[in-house]
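Here are a few exercises on empty space and ring contacts, each with a worked solution. Have your viewer open and try each task before reading on.

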Amino acid sequence: MQSIYALHQKNSDDIEKEEKFLLHSIDSIQDLYLIMLSSLIEIRKKEMVYLEASSKKHLATPEEKNPNRKFVTNAVLQLLEESNSLSIAIEKRKITNWAMNDDYILILLNEIKQSALYETYMMNKKSSFEEDKDFVIAMFSELIAPNEKLYEYLEDYKLTWVDDIPVVNTQILKQLKQVLENDEFRVSKLYKDQEDKEFVCLLFRKTVLNEVALAKEYIDKTPNWDADRIAEIDTIILKMAICEFLKFPSIPVKVTINEYLEIAKEYSTPKSSIFINGILDNLVKEFQNENKIQKTGRGLIQN
């Protein structure tokens, strides 16, 4: 949607250039994912360095000489540190952000150590894998993901990540919840499979190359609206949805409608989702009556 909008704004017909940028911006989501995961590893490392330095101070207190190491021995944080899948991915994609910007790691570590969450966790001297996991999940969701300084850094580093941050954080939380004791943490794939990746280009190209024909499908269905009065984002959403109806037989109609209504709620005007829902519902009935919609595969029964 954003790539098609960019083409419109530039008044450009260079589909290949915009498609290349689209794929590049999607590929960079993997970097964001690895940066967020590596922050957990680096936070633990910083605390280990701090504990080591404190224990070697000339006038170290008994507590500094024999510190509570529950945080740095957290089983889930150690799983991340020891994950071959994660370390290889970080090295392969040259994720060195925190080596050059460790001040953000110190900010996060400081906020964590000042939190009630950390205090409660450290008070219980005993430890279990489930407790360690619950703590890391809460730490990530309540302290790291919403941190404004971290968000500002990520936004400044790559503007296209603004929309990707919530998606990446949700994926990481999902994985953390699924972590099992003595199991290796594995890096998520960016695409489910090759077909998943091809869908990106197909949807983009089929929408752009058929915009005029796709627009004709809904123009007559908006008698109370001049075409010029419909928000441009809404016209793009409608064209993409209609394109999926007619040219992507494996995607259920309900899935298409629900996805684009969510996009409309996020990116368009407050009333756009209602407007778009009305048009798409009417179009589906018309297309089905005319046998224009041919869906195939499992789970595609329409109610």
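## Exercise 1: A lysine and two phenylalanines

**Task.** Starting from the lysine that lies over the face of Phe248, work out which parts of the chain its ring partner ties together.

**Solution.**
1. In this predicted model, Lys206 is placed over the face of Phe248, 5.1 Å from the ring centre.
2. Next, look for a ring partner: Phe248 forms an aromatic pair with Phe199, with 5.3 Å centre to centre and 75 degrees between the planes. Planes over 60 degrees apart count as edge-to-face, and that is the class of this pair.
3. Now place both rings. Phe199 belongs to helix H12, while Phe248 is in the loop between H14 and H15, so the pair links parts that are 49 residues apart in sequence.
4. Finally, check exposure. Phe248 has a relative accessible area of 7% and is buried, whereas Phe199, at 26%, is partly exposed.

## Exercise 2: The largest pocket

**Task.** Describe the largest pocket by its volume, its lining and the classes of its lining residues.

**Solution.**
1. Begin with the volume: the largest pocket holds about 2,000 Å³ of space.
2. Then find its centre. The lining has 49 residues, and the closest to the centre are Leu22, Ile26, Ile29, Phe199 and Val200. Phe199 is also the ring that pairs with Phe248.
3. Assign the lining to elements: those giving two or more residues include helix H2 (15-55), helix H12 (194-209) and helix H14 (232-247).
4. Sort by class, and you get 27 nonpolar, 10 polar and 12 charged residues.

## Exercise 3: The largest cavity

**Task.** Which element gives the most to the lining of the largest cavity?

**Solution.**
1. The count comes to one cavity of 30 Å³ or more, and the largest cavity has a volume of about 30 Å³.
2. List its lining: Met36, Ala145, Asn147, Leu150, Tyr151, Leu154, Ile165 and Asn169.
3. Two elements, helix H10 (148-157) and H11, give two or more residues. H10 gives the most, with three.
4. By class, six lining residues are nonpolar, two are polar and none is charged.

## Exercise 4: Other rings

**Task.** How many aromatic pairs does the whole structure have, and which residues form an aromatic cluster?

**Solution.**
1. A search of the whole structure turns up nine aromatic pairs.
2. One aromatic cluster is made of Trp98, Tyr104, Tyr153, Tyr157 and Trp161.
3. To finish, look at Tyr121: the charged end of Lys70 sits over its ring, 4.4 Å from the centre.

Definitions and conventions: Residues are numbered from 1 along each chain as its sequence is written. This is a predicted model: local features need pLDDT of at least 70, side-chain atom pairs count only at pLDDT 80 or more; totals for chains, interfaces and linings use all residues. Side-chain values use heavy atoms; hydrogens and water are left out. On a 1 Å grid over the protein atoms alone, a cavity is a set of points where a 1.4 Å probe fits but cannot get out, and a pocket is an open set with protein on both sides within 12 Å along at least five of seven lines; lining residues have an atom within 4 Å of a point. Grid points are joined across faces, edges and corners, and a volume is the space filled by probe spheres set on the points. Helices (H or I, at least four residues) and strands (E, at least two) are DSSP runs, numbered from the N terminus. Ala, Val, Leu, Ile, Met, Phe, Trp, Tyr, Cys and Pro count as nonpolar, Asp, Glu, Lys and Arg as charged, and the others, Gly among them, as polar. Rings of Phe, Tyr and Trp (its six-membered ring) pair if their centres lie within 6.5 Å; planes under 30 degrees apart count as stacked, over 60 as edge-to-face and the rest as tilted. Buried means under 20% relative accessible area, exposed over 50%, partly exposed in between (1.4 Å probe, protein chains only). A charge sits over a ring if NZ of Lys or CZ of Arg is within 6 Å of the ring centre and within 35 degrees of the ring normal.
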